[in-house]
Amino acid sequence: MKLSDFMDITQLQKVQDAFSEATGLAAVTIDTDGNYITRGSGFTDFCMKHTRGCEEGARRCQKCDAEGNGVYECHAGLMDFSIDITLNDEKLGAVVGGQVLPHEPSEEKFTALAEELGIDPASYVRAVQKVPVRSEKAIRSAAELLSDVINRMVLQEYMNATEYKKIHVWEDEIVKATDAVSRIKENTKELESLASKQTIMALNASIETARVGAAGAGFGVIAKQMGVFSKQSTVIYKKITEDANNISESIGKMNET
């Protein structure tokens with residue numbers, strides 16, 4: 001199952017953007033294969049342009065993305081997070097991000113890191129100085145809040161989509177049931193017509209039996225029994241018609257709700 005199967009990803013994007021704007025933490029949503037579902041929110045040049053912009057930096061970042069869980073420190077010394085999006089114990093993706101400093105950056109430390117990665121140290125230090133600083137406690141709280149909000153949102157969207165599908169199935173089945181009732185009514189009319197003919201035949205047979213006297217006594221018994229069956233059939237057909245009408249009435253009430 002994919003998130004896009006039952007929810008509007010633009011709503012997820014709005015929540016993600018609002019979270020990033022309010023907390024200063026970057027965020028992006030990925031599927032179970034690591035593909036981006038949303039656009040990144042609040043990502044800094046330090047991470048995207050400089051660190052991930054070089055081959056070694058990108059390799060290290062990808063390793064952190066794959067192995068990171070919860071709130072953790074990335075290879076560049078920034079705090080990142082990864083929260084799972086789950087539904088009925090099935091993982092559908094994750095929101096990853098963070099990219100904030102837990103304290104003011106050390107110019108010496110990031111100069112050395114820039115040299116390791118083959119990045120201009122001066123540009124790298126200027127970029128890291130623009131990275132937001134948040135306490136680890138604040139980062140963890142923000143990640144937990146985002147996890148709660150998004151997972152509740154996903155559950156609600158799933159329930160809405162499921163109910164929507166059920167309603168359509170319900171409507172389709174009502175149409176089928178209505179058609180079936182119509183056929184029952186038509187068939188019942190035909191049976192009633194046949195029952196009427198049986199009654200007439202039984203009456204004619206009785207008349208003919210009376211004409212031939214004792215010789216037709218046996219035939220008279222059969223004719224009489226045909227009349228009984230015909231009357232019984234008529235009663236049954238009326239009951240079927242009543243039931244069909246009751247079903248039609250119930251379907252009509254369901255359509256009105």
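These legends walk through several close-up views of a predicted model.

**View 1. The whole chain, for orientation.** Let's start with the parts list: seven helices and four strands. Following the sequence from the start, you'll meet them in the pattern α-β-α-α-β-β-β-α-α-α-α. The chain has 257 residues, and 34% of them count as buried. If you look at contacts between residues at least 6 apart in sequence, 61% join residues at least 24 apart.

**View 2. A four-stranded open sheet.** The strands line up in the order β1-β4-β3-β2, with antiparallel pairing. On the edges sit β1 (26-31) and β2 (70-73), each with a pairing partner on one side only. Going from one strand to the next, the twist averages 20°. Strand β3 has seven of its nine residues buried, so it is largely enclosed by the rest of the structure.

**View 3. How β1 meets β4.** Here two antiparallel strands, β1 and β4, are joined by six bridges. To find your place, look for isoleucine 30, whose bridge partner in β4 is alanine 94.

**View 4. The β2-β3 hairpin.** Four bridges hold this antiparallel pairing of β2 and β3. Valine 71 is a handy landmark, with phenylalanine 81 as its bridge partner in β3. Between the two strands come five residues, and in this hairpin glycine 77 takes a positive phi near 90°.

**View 5. The β3-β4 hairpin.** Nine bridges link β3 and β4, again in the antiparallel sense. Serine 82 stands opposite valine 96 of β4. The connection has two residues between the strands, and asparagine 88 in this hairpin has a positive phi near 55°.

**View 6. The largest nonpolar core.** As a rule, nonpolar side chains in soluble globular proteins tend to be buried together. This core has 25 residues, and the ones touching the most other members are Leu3, Phe6, Met7, Phe81, Val95 and Val154. At least two residues apiece come from α1 (9-23), β3 (79-87), β4 (90-100) and α6 (136-212). Helix α6 gives the largest share, eight residues. Zoom in on methionine 7 and, leaving aside residues up to four places away in sequence, you'll see it touch Leu12, Met153, Val154 and Glu157. There is also a second, separate core of 19 residues, with Cys64, Leu117, Ala127 and Val128 among its members.

**View 7. Helix α5 and the face it buries.** Which residues of helix α5 (residues 121-128) are buried? They are Tyr124, Val125, Ala127 and Val128. Looking down the axis of α5, these buried residues fall within an arc of 160°, so they line one face of the helix. What do they pack against? The partners of the buried α5 residues are α2 (45-51) and α4 (107-117).

**View 8. Where α3 crosses α4.** A pair of packed helices is described by the angle between their axes and the distance between the axes. For helix α3 (residues 55-67) and α4, the axes come within 8 Å and cross at roughly 105°. Angles of 65 to 115 degrees count as roughly perpendicular, and that makes α3 roughly perpendicular to α4. On the α3 side, the contact is made by Glu56, Gly57 and Arg60, while α4 brings Leu113, Glu116 and Leu117. Leu117 also turned up in View 6, as a member of the second core.

Note on methods
Residues are numbered from 1 along each chain as its sequence is written. This is a predicted model: local features need pLDDT of at least 70, side-chain atom pairs count only at pLDDT 80 or more; totals for chains, interfaces and linings use all residues. Side-chain values use heavy atoms; hydrogens and water are left out. Buried means under 20% relative accessible area, exposed over 50%, partly exposed in between (1.4 Å probe, protein chains only). The arc is that of the directions from the helix axis to the C-beta atoms. Contact means heavy atoms within 4.5 Å. A nonpolar core is a set of buried Ala, Val, Leu, Ile, Met, Phe, Trp, Tyr and Cys residues joined through side-chain atoms within 4.5 Å. Two strands pair if DSSP finds at least two bridges between them. Axes are lines fitted to C-alpha atoms, for helices over the stretch in contact, and angles run from 0 to 180 degrees between N-to-C directions. Angles under 35 degrees count as roughly parallel, over 145 as roughly antiparallel, 65 to 115 as roughly perpendicular and the rest as oblique.
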